[in-house]
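Reader: Hello! Could you take a close look at one helix for me and the turn that follows it, and then work outwards to the rest of the chain?

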Amino acid sequence: MICFHLFPSRFTERISVSDSPAARRRTRKVITDVSPHRAFSAVRLLRIEQGGAFADLLSDKGRNAMRNEMDYVERTLGFRTRDLEDRDIRLVSYIVGGAVRWRRYLDHLIMSLCNEDKTFRDMEPLLLQILRIGIFEIIKLGMPPYAVVDENVRLAKVSLRPGAGNMVNGILRKLALLKEKDCLPLPKVEGDERAQARALAIIHSHPVWMVRRWTKSLGQEETVKLMNWNNTDPSFCLRVNPQKGYTRSDLVKTLNDKQVPHEVSIYLDDFVRLSTGLQAIIQAGLLKEGLCSVQDESAGLVVAIVDPLPGETIIDCCAAPGGKTLFMASQLRSRGTIWAVDINRARLRVLKETSKLQNVEEVITTVHADLRLFCVNNLMKADKVLLDAPCSGLGVLSKRADLRWNRRLEDLEQLKQLQDELFDAASTLVKHGGILVYSTCSIDPEENEERVAAFLCRHPEFTVDPVHGFVPPGFITVEGFCKTDPVKHSMDGSFAARLIRCADSCW
C-alpha cells in the first residue's frame with residue numbers, strides 16, 4: 001500500500017515491509033526531496049562525534065553498509081530518504097571525510113558567524129553536523145551557495161524543526177556573502193609561538209598540540225606542508241596476490257579496461273597506486289575474490305624489511321587486521337609458518353577468513369593472546385619476529401581523518417610504555433641469529449628512534465641490522481632505519497627498524 005500525503009515541500013510514502021519470519025508489517029516514512037547524501041553524511045558525522053566507528057561505505061560490503069546506514073538514518077532522523085546511488089555513496093565518503101578533517105576550521109567559522117558564543121556551545125549535535133556539511137560544501141567544494149543553502153535548510157527543518165532551518169539559512173547565507181567578498185573571519189599567523197600555533201591549528205584544522213610538536217621538530221614551513229598533506233583526499237594502493245595466480249600486469253589491464261587512473265609503484269613490484277576509482281575495483285569483485293587487497297606501500301616496505309623466505313617460521317606479534325601477515329604469507333610460497341598473535345579475537349577472525357580468500361591459510365596460525373603473556377607461556381623461537389606496534393597513527397592522518405581528534409598528547413606517554421613492554425616481549429621470541437623488526441605508522445621520533453634506542457640499552461644482545469638492500473636508498477636514515485615521509489614520498493608515514501639477535505657464540 002502506498003499513500004501520498006501533501007506537505008509544503010515534500011511528500012512521504014507509507015511503505016509496508018516484511019521484516020520478520022512472521023511477516024510483521026511496519027510503516028516507514030520516506031521523504032524524497034531531502035538530499036540523501038546529506039542526510040546520510042549528517043548521521044555518519046553524528047555517529048563519529050559520539051564515538052561510533054569511522055566506517056567507510058567504500059568497502060567490499062558496500063551494499064550491506066548502505067542498508068545499515070539507512071537504518072541509522074531512519075532511527076536518528078525519523079524518516080528514510082531514497083536509496084543511495086553510486087554517486088551518492090562517493091559523495092557521502094567525500095563529505096564525511098572532508099568535514100571530519102576540516103572540523104576545527106569549520107567550527108571556527110560557525111562560531112564566528114553565530115551572534116553569541118553561547119549559541120555555538122549550546123547547539124544541538126545534529127544541527128552542528130548540518131552546518132559543517134553546508135560550510136564544507138560552500139568553502140571547500142565550491143558548490144553553488146544557493147543550492148547548498150536550500151538543501152541543508154530543508155534537511156534541518158525536516159529532521160529538527162523550522163527554527164533550526166532558519167538558523168542554517170542565516171549562517172550559510174552570511175558565509176556565502178563573506179566568501180564572495182573574500183573576507184572570511186580567519187586568524188592571522190602572528191604573535192608568539194603559542195599564538196601562531198593556535199592560528200595555524202584553525203587554518204589547517206589540526207589540534208594545537210600537534211602543530212606545536214611538529215613546529216618544534218620540523219619547523220613551521222614543513223609543518224604546514226605536512227598538514228596540507230593530511231588534508232588532501234587520500235590515495236590508495238592495491239597489492240596483487242600471486243597466490244591466486246594474479247599478476248600486476250593482470251591488474252593493470254583491468255584498470256585500463258575500466259578506465260581507472262593509476263600508476264605502478266616504483267618501489268614495490270606487486271603494488272599499484274590509485275587516486276580514484278576504488279569503487280570500480282570493489283564492483284569488479286577483485287577484493288572479494290582475493291585477487292588483490294588495499295595496502296599502502298609503507299606497509300609493503302615493512303614486509304620487505306622482514307624479508308620472509310620460504311621455509312621460515314615467523315611470528316607477527318600484533319597481527320590483526322592482518323595486511324602485513326597476508327603479504328608475508330604470500331611470500332612464503334606455501335612453505336613455512338606464520339604465527340599471527342593478537343589480543344583482538346574478532347579481528348583475528350577476519351584475518352583467518354581473509355587468509356582463506358587469498359589462498360594463504362595453510363601457512364597462517366592465528367593465536368588469540370596478549371603478547372606479554374604469550375611470550376611467558378610459550379618457549380617457541382622464530383627465525384623472524386615482526387612487532388608492528390600500537391601507535392599514535394600520526395603518519396596516517398590523511399586516510400584516518402578522525403584520528404587527529406581522538407589523540408591527545410597524554411596518549412603518547414601511555415603508548416610509549418606499551419611499546420616498550422611489547423618490544424621486550426617480542427624479543428624473547430627471536431632465536432639466536434634471528435631478526436626482530438619493530439615498526440609503527442607514526443612519524444614521531446619518541447615512538448620510533450627513541451624506542452629502538454631505549455630497547456638496545458636494555459637488550460645489548462641485539463644490534464641494528466641496517467636496511468640497505470631491503471628498501472630503496474631514499475627511505476634509509478643515517479642510523480640504518482627505514483622511514484617514509486608522507487610529503488616527500490606521497491605515502492603513509494611509517495618507521496621500521498631491523499635488529500639482529502647475536503648468535504650463541506657472541507652472547
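Author: Happily, let's start with α14, whose buried residues are E297, S298, A299, G300, L301, V302, V303, A304, I305 and V306. Buried here means under 20% relative accessible area, exposed means over 50%, and partly exposed is in between, using a 1.4 Å probe and protein chains only. That makes 10 of the 10 residues of α14 buried, so the helix is mostly covered. Helices (H or I, at least four residues) and strands (E, at least two) are DSSP runs, numbered from the N terminus.

Before going further, please keep in mind that this is a predicted model: local features need pLDDT of at least 70, side-chain atom pairs count only at pLDDT 80 or more, and totals for chains, interfaces and linings use all residues. Residues are numbered from 1 along each chain as its sequence is written, and side-chain values use heavy atoms, with hydrogens and water left out.

Just after α14 comes D307, with a positive phi of about 55 degrees. D307 is not a glycine, and its place is in the loop between α14 (297-306) and β8. In contrast to the helix before it, D307 is partly exposed, at a relative accessible area of 26%. On the other side of β8 (313-316), the loop leading to α15 (323-331) holds P321. A cis peptide bond, with omega of about 5 degrees, joins A320 to P321.

A second positive phi, also about 55 degrees, is found at S205, again a residue other than glycine. S205 sits in the loop between α9 (193-203) and α10. Here the surroundings are covered, since S205 counts as buried at 0% relative accessibility.

The helix after that loop, α10, brings us to an open space. α10 (208-218), α11 (220-230), β14 (482-484) and α21 (486-489) each give two or more residues to the lining of the second largest pocket. This pocket is lined by 21 residues, and S217, L218, I443, K483 and D485 lie nearest its centre. By class, the lining has 9 nonpolar, 4 polar and 8 charged residues. Ala, Val, Leu, Ile, Met, Phe, Trp, Tyr, Cys and Pro count as nonpolar, Asp, Glu, Lys and Arg as charged, and the others, Gly among them, as polar. The space in the pocket is about 460 Å³.

How is such space found? On a 1 Å grid over the protein atoms alone, a pocket is an open set of points with protein on both sides within 12 Å along at least five of seven lines, while a cavity is a set of points where a 1.4 Å probe fits but cannot get out; lining residues have an atom within 4 Å of a point. Points are joined across faces, edges and corners, and a volume is the space filled by probe spheres set on them.

The whole structure holds 1 cavity of 30 Å³ or more, with a volume of about 100 Å³. α1 (36-49), α3 (86-101), α6 (125-139) and α18 (403-406) each give two or more residues to its lining, and α1 gives the largest share, 3 residues.

Now for the cysteines. The UniProt annotation "active site", from an unreviewed entry, covers C441; UniProt positions follow the numbering used here, feature names are shortened, and annotations may be inferred rather than shown by experiment. C441 lies in the loop between β12 (430-440) and α20 (449-458), and is partly exposed at 29%. Its sulfur is 3.4 Å from the closest cysteine sulfur, in C391, too far for a bond. For C183 the closest cysteine sulfur is 17 Å away, in C114, also too far for a bond. The search of the whole structure finds 0 disulfides, a disulfide being a pair of cysteine sulfur atoms within 2.5 Å.

Finally, the wider setting. According to the unreviewed UniProt entry, "domain: SAM-dependent MTase RsmB/NOP-type" covers residues 226-502. Over residues 226-502 the chain is 35% helix and 22% strand. The chain has 21 helices and 15 strands. Its radius of gyration is 25 Å, close to the 23 Å of the globule rule for 507 residues, so the chain is as compact as a globular protein of that length. That radius is taken over C-alpha atoms, and the rule is 2.2 Å times the number of residues to the power 0.38. Buried residues make up 50% of the 507 in the chain.
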